[in-house]
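Let's walk through this one together, starting with how the helices pack and then working out to a few individual residues. Keep the viewer open as you read.

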Amino acid sequence: MSLGKKKLVVDVLLFVDFLVLAISGFIMSIFLPAYQKSGQKSFILPRQVWYNIHDKAAWIFLFLVIIHLILSWGWIKQNIFRRNTKDE
């Protein structure tokens, strides 16, 4: 698999995982009160299940960001860490 295809796969996974993070975070903050009893169902799943989904998605997102940085390291080195070699 070429580098471009790997980056595309990682970027798509990052986008999907970000959506999971955003939606689960929104549901937990708006629809599920913090004082809800453990195991009590509200908004389809119990609060703890939403928390677990959000937590796992956050770890996956962190892992994918690290993979994204590794795959893009050549571009980062070339454009961010380059030294100005032009004499003025």
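Before we look at any packing, a word on angles: a helix axis here is a line fitted to C-alpha atoms over the stretch in contact, and the angle between two axes runs from 0 to 180 degrees between their N-to-C directions. Keep in mind, too, that this is a predicted model.

With that settled, go to helix α1, residues 3-30, and helix α2, residues 47-71. Their axes come within 8 Å and cross at roughly 155°. Angles over 145 degrees count as roughly antiparallel, so α1 and α2 are roughly antiparallel to each other. As for handedness, the α1 and α2 crossing is left-handed. What sort of residues make up the contact of α1 with α2? Mostly you'll be looking at nonpolar ones: 20 are nonpolar, against four polar and five charged.

Now zoom out. The protein has three helices and two strands, and if you trace the chain from the N terminus, the elements come in the order α-β-β-α-α. Take the contacts between residues at least 6 apart in sequence: 58% of them join residues that are at least 24 apart.

How much of the protein is buried? Of its 88 residues, 17% are buried. On the outside, the accessible surface adds up to about 7200 Å², and carbon and sulfur atoms account for 68% of that.

Finally, pick out a couple of residues on the two helices we started with. L8 sits in helix α1. Is L8 buried or exposed? Exposed counts as over 50% relative accessible area, and L8 has 54%, so L8 is exposed. Along the sequence L8 is 60 residues away from H68, yet in space their C-alpha atoms are 9.7 Å apart.

Over on helix α2 you'll find I70. With a relative accessibility of 57%, I70 is past that cut-off and therefore exposed as well. Its partner to check is K7: I70 and K7 are 63 residues apart along the chain, with 10.0 Å between their C-alpha atoms.

Notes: Residues numbered from 1 in each chain as written. Predicted model: local features only at pLDDT ≥ 70, side-chain atom pairs only at ≥ 80, totals over all residues. Heavy atoms only, no water. Helix = DSSP H or I, 4+ residues; strand = E, 2+ residues; numbered from the N terminus. Buried < 20%, exposed > 50% of the residue type's maximum accessible area, 1.4 Å probe, protein only. Contact = heavy atoms within 4.5 Å. Areas by Shrake-Rupley, 256 points an atom, 1.4 Å probe, with all protein chains shown as cover. Parallel < 35°, antiparallel > 145°, perpendicular 65-115°, else oblique. Left-handed = near helix turned anticlockwise from the far one by under 90°. Nonpolar A, V, L, I, M, F, W, Y, C, P; charged D, E, K, R; others polar.
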